[in-house]
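Subject: Handing over the structure

Hi,

Here is the structure I promised to pass on. Have a look at it first, and then read on for what I found.

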Amino acid sequence: MILAAVNSQDLWYTTRGSGIMALLLLTASVVLGISQIGRVSGQSMPRFVVAGLHRNVSLLAVVFLGLHIATAVADPFAPITVADSFVPFVGTYRPIWLGLGAIATDLLIALVVTSLLRYRIGFRTWRATHWASYACWPIAVWHGLGTGSDSRVGWVQLIYVVCTVAVLVALGWRLTTRWGGTDPGQRTLAAFGAAAVTIAITAWAFQGPLRPGWAKRSGTPSGLLGGTTTTTTTSPSGG
Ligand code: HEM
């Protein structure tokens, strides 16, 4: 109700800002989660502080994600429904790239819910579900690059690079210490997997959202391309 009273331009700015914030917090959560596994914390940073930070940062990511989804759905400019936000690839607005956002959201909800119920469902089930975080993060990055209006903006690209380096460093640290498991085959596979996903998304970005004409190629409904209202001249951009 409150969001309906806000103008479309403000909603669009909020969608973009909250999307970036959600990604930053998700990145911080993944890095903190990995360092918690390795018990990086020491005298200066006791383990319960890292664990508390990890939990609170994750919950804050969910808050910003809620705002991101609420404003995207409330914005009358783009035809995005509540169902599009949770059911992948059913929408009409940039369906593939928005669908990736829906998958990342579903995974994040599963991660948060199973973590809150950790003591009820048992450590093994919780741990198995938590592996999904390694899929949630790159899928969210892929969604942001594919759907976002700011993928060609320098400082936003810097954020994507910083987030990627942070996660890769944390993962690299985990794989090269005893916390990466004892099987060298599994470690090698995980390292190759991370490198392959990073290279694939980067190569795709250079062919896709970083090139002109992405707004059309990404599946923006034709009626929204090159519109005449204040909002349509600026939203969505991205080529
Ligand atoms: C974990 C889940 C998600 C994360 C981390 C995330 C993050 C992001 C990021 C970083 C952007 C780029 C913003 C920009 O370029 O300025 C973005 C764009 C967008 N996201 Fe998400 N998102 C998620 C899920 C969703 C879902 C479920 C929806 C469905 C409502 C959604 C709707 C959008 C829309 C419409 C845009 C384009 C906004 C624009 O025009 O720039 N996102 N998202």
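So, how many helices and how many strands are there in the protein? The count is eleven helices and zero strands. Reading from the N terminus, the order is therefore simply α-α-α-α-α-α-α-α-α-α-α. Please keep in mind that this is a predicted model.

**How far to trust it**

The mean pLDDT of the protein is 88, and 87% of the residues score at least 70. Confidence peaks in helix α3 (residues 82-86), with a mean of 97. At the other end of the scale is helix α11 (residues 230-234), where the mean is 40, the lowest in the protein. Residues 228-234 stay under 50 in pLDDT, and the model gives this stretch nine contacts beyond four places in sequence.

**The overall picture**

The protein has 239 residues, and 31% of them are buried. If you take the contacts with a separation of 6 or more, 67% are between residues 24 or more positions apart.

Which residues touch the most other members of the largest nonpolar core? They are L23, L26, C136, W137, A140, V141 and V167, out of 39 residues in that core. At least two core residues come from each of α1 (8-37), α2 (47-74), α4 (95-116), α7 (133-147) and α8 (154-175). The biggest contribution is that of α1, with eleven residues. To see one piece of this up close, click on A140: leaving out residues up to four places away in sequence, A140 touches L23, L26 and A104.

**Helix α7**

A140 is also one of the buried residues of α7, so this helix is a good next stop. The 15 residues of α7 span 21 Å from first C-alpha to last, close to the 21 Å expected at 1.5 Å a residue. Is α7 mostly covered or mostly open? Mostly covered, as eleven of the 15 residues are buried. Among them are C136, W137, I139, V141, W142 and H143, and the buried residues of the helix pack against α1, α4, α8 and α9.

**Around the ligand**

There are 33 residues around the ligand, and those that come nearest are G19, G101, G144, G148 and S149. Helices α1, α2, α3, α4 and α7 each give two or more residues to this shell. Which element has the largest share of the shell? That is α1, with seven residues. By type, the shell splits into 17 nonpolar, 13 polar and three charged residues.

**A few residues to click on**

S85 sits in helix α3. Is S85 buried or exposed? S85 has 20 other C-beta atoms within 10 Å, and 20 is where buried begins, so S85 counts as buried. Outside its neighbours up to four places away in sequence, S85 touches I69, V73, A102 and T105. S85 and A72 are 13 residues apart in sequence, with 9.1 Å between their C-alpha atoms.

T198 belongs to helix α9 (residues 184-207). With 16 other C-beta atoms within 10 Å, T198 is partly exposed. Leaving aside neighbours within four places in sequence, T198 is in contact with T164 and L168. P138 is 60 residues from T198 in sequence, and the two are 8.3 Å apart in space, C-alpha to C-alpha.

Finally, take a look at the loop between α3 and α4, which holds F89 and also R94. Most residues other than glycine have a negative phi. F89, however, has a positive phi near 65°, and the phi of R94 is positive too, near 40°. Which of the two is buried, and which is partly exposed? R94 is buried because 26 other C-beta atoms lie within 10 Å, whereas F89 has 13 C-beta neighbours inside 10 Å and is partly exposed.

Cheers

Methods:
Residues numbered from 1 in each chain as written. Predicted model: local features only at pLDDT ≥ 70, side-chain atom pairs only at ≥ 80, totals over all residues. Helix = DSSP H or I, 4+ residues; strand = E, 2+ residues; numbered from the N terminus. Buried ≥ 20, exposed ≤ 12 C-beta atoms within 10 Å, placed from the backbone. Contact = placed C-beta atoms within 7 Å. pLDDT = per-residue confidence, 0-100. Core = buried A, V, L, I, M, F, W, Y, C linked by C-beta atoms within 7 Å. Near = placed C-beta within 6 Å. Nonpolar A, V, L, I, M, F, W, Y, C, P; charged D, E, K, R; others polar. Expected span 1.5 Å × (residues − 1).
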